[in-house]
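Here is a report on one helix pair and on the enclosed spaces of a model. Look at the structure first.

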Amino acid sequence: MARPRLLLLVPTTTYRTEDFVEAAGRLEVDLVVAAEKPNALAEAVPERLLTLPFADPAASVRQVSDYARRYPIAAVVPVDDATTVVGAAIGQALGLRANPMAAVRATRNKLAMREALGRASVPQPGFAAFGVEEDPAATAKAVRYPCVLKPLHLSASRGVIRADSPAEFSAAWTRLAALLALPEVRALGEGASQILVESFVPGVEVALEGMLTAGQLQTLALFDKPDPLDGPYFEETIYVTPSRLPAASQRAVGDCAARAARALGLTDGPVHAELRIDDAGPWLIELAARSIGGLCARTLRFGTGMTLEEIILRHALGWPIASLERERPAAGVMMIPIPRGGILQSVEGLDQARAVPGIEDITISMHRGQRIVPLPEGSEYLGFIFSRGAAPHEAEASLRRAHALLRFQISS
Ligand code: ADP
Ligand code: CA
């Protein structure tokens, strides 16, 4: 029998092509990779490489439908945020396991997401949206403090700024408006003409990695974020799983994320949610129809060693998954904080840092000579440190020890 054909949608900005392609290689499938930019090899192997205009779902659907008449497709898997909408469109058109497109669209616009969650009374921060052309000084008087300003359509905390006073609000507004005016930011999708203002939710933050099957959310892993995320910028650093929260809080987090997924209308595929927890319980910060970003999925292993990418591919194919239980040991990842902006000259101390007990790997994702831009404007990760330990605090301690041994030479 012919092997099923799996279509992988790979945006140029992703860190995860290798991990998904490797996972596909471990399955008995014929892999077809679609990207936005034509690949030099595409003409040589037209049945294996497609060029699709991801930003135009209707055109992508037409092209894939034509292709699928000659080469039937069994599953479509979008990799990362930038392809979730086009992935849903293709999935729906071909009758594959996928989310409804309207639901995915709502996850890609922070205002639409807040409105959908609000209709279902999912606990979330208070919010209001304003046009970028509005007067910041007047707007600053209309909002309560502390608050958070954010763009509607970016990710990785890009452009997210806390303000504690009208003066801070105006400064944050000006900075965010300048970011939203950049052509490359406008090109990332609709939403660059508005600014979302939310009440600041205090408390600890967690990230939930889950899988939806016919509308049912199963938690795959819950990560604590042990470094305080109090602003003014929200640079992600350490994620550690399993969570050290009490079991009742963990259940409340899972319930809240499940309600949010339902409110948005998501039904199938990976989910990555961020929540904050205070005395009143969990508050939904964000829910995305994708798996965890960057290279952070490398912390996770399931059952007898399956990767998260393999689970996502199997799920899309409708194949059985032996176990969704995460492996026992605790695991952590540090998205290496950007110390300051400038040109990366060198990274020292890698060997010593890799030798720290519990450290599995360190990947530097920026290259020498590259300009590094810190938050709130930046969008790329300096690199990732991965650890394992008998308990969460050990995995966390290893990350901190390894990070302390790294030295980044950055020139202005
Ligand atoms: P992005 O899509 O860029 O990740 P988020 O809305 O998830 O944007 O915000 C990024 C981070 O900023 C969150 O993980 C959280 O730490 C912080 N944050 C965002 N909104 C709020 C809020 N209303 N209250 C407190 N912290 C927030
Ligand atoms: Ca987020």
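Helix α2 passes α3 in a right-handed crossing (the near helix is turned clockwise from the far one by less than a right angle). By class, their contact has 10 nonpolar, two polar and no charged residues. Ala, Val, Leu, Ile, Met, Phe, Trp, Tyr, Cys and Pro count as nonpolar, Asp, Glu, Lys and Arg as charged, and the others, Gly among them, as polar.

This is a predicted model: local features need pLDDT of at least 70, side-chain atom pairs count only at pLDDT 80 or more, and totals for chains, interfaces and linings use all residues. Residues are numbered from 1 along each chain as its sequence is written, and side-chain values use heavy atoms, without hydrogens and water.

The axes of α2 (residues 57–70) and α3 (residues 84–94) come within 9 Å and cross at roughly 45°. That makes α2 oblique to α3 (not under 35 degrees, over 145, or 65 to 115). Among the α2 residues in this contact (heavy atoms within 4.5 Å) are Val 61 and Val 64.

The model has three cavities of 30 Å³ or more. A cavity is a set of points on a 1 Å grid where a 1.4 Å probe fits but cannot get out; lining residues have an atom within 4 Å of a point.

| Cavity | Volume |
|---|---|
| Largest | About 230 Å³ |
| Second largest | About 150 Å³ |

Pro 78 and Asn 99 are among the residues closest to the centre of the largest cavity. Its lining has 10 nonpolar, six polar and three charged residues. The second largest cavity is lined by 16 residues, with Glu 235 and Tyr 381 among those nearest its centre.

Terms used
Chains are lettered from A and ligands numbered from 1 in the order in which they are written. Axes are lines fitted to C-alpha atoms, for helices over the stretch in contact, and angles run from 0 to 180 degrees between N-to-C directions. Helices (H or I, at least four residues) and strands (E, at least two) are DSSP runs, numbered from the N terminus. On a 1 Å grid over the protein atoms alone, a cavity is a set of points where a 1.4 Å probe fits but cannot get out, and a pocket is an open set with protein on both sides within 12 Å along at least five of seven lines; lining residues have an atom within 4 Å of a point. Grid points are joined across faces, edges and corners, and a volume is the space filled by probe spheres set on the points.
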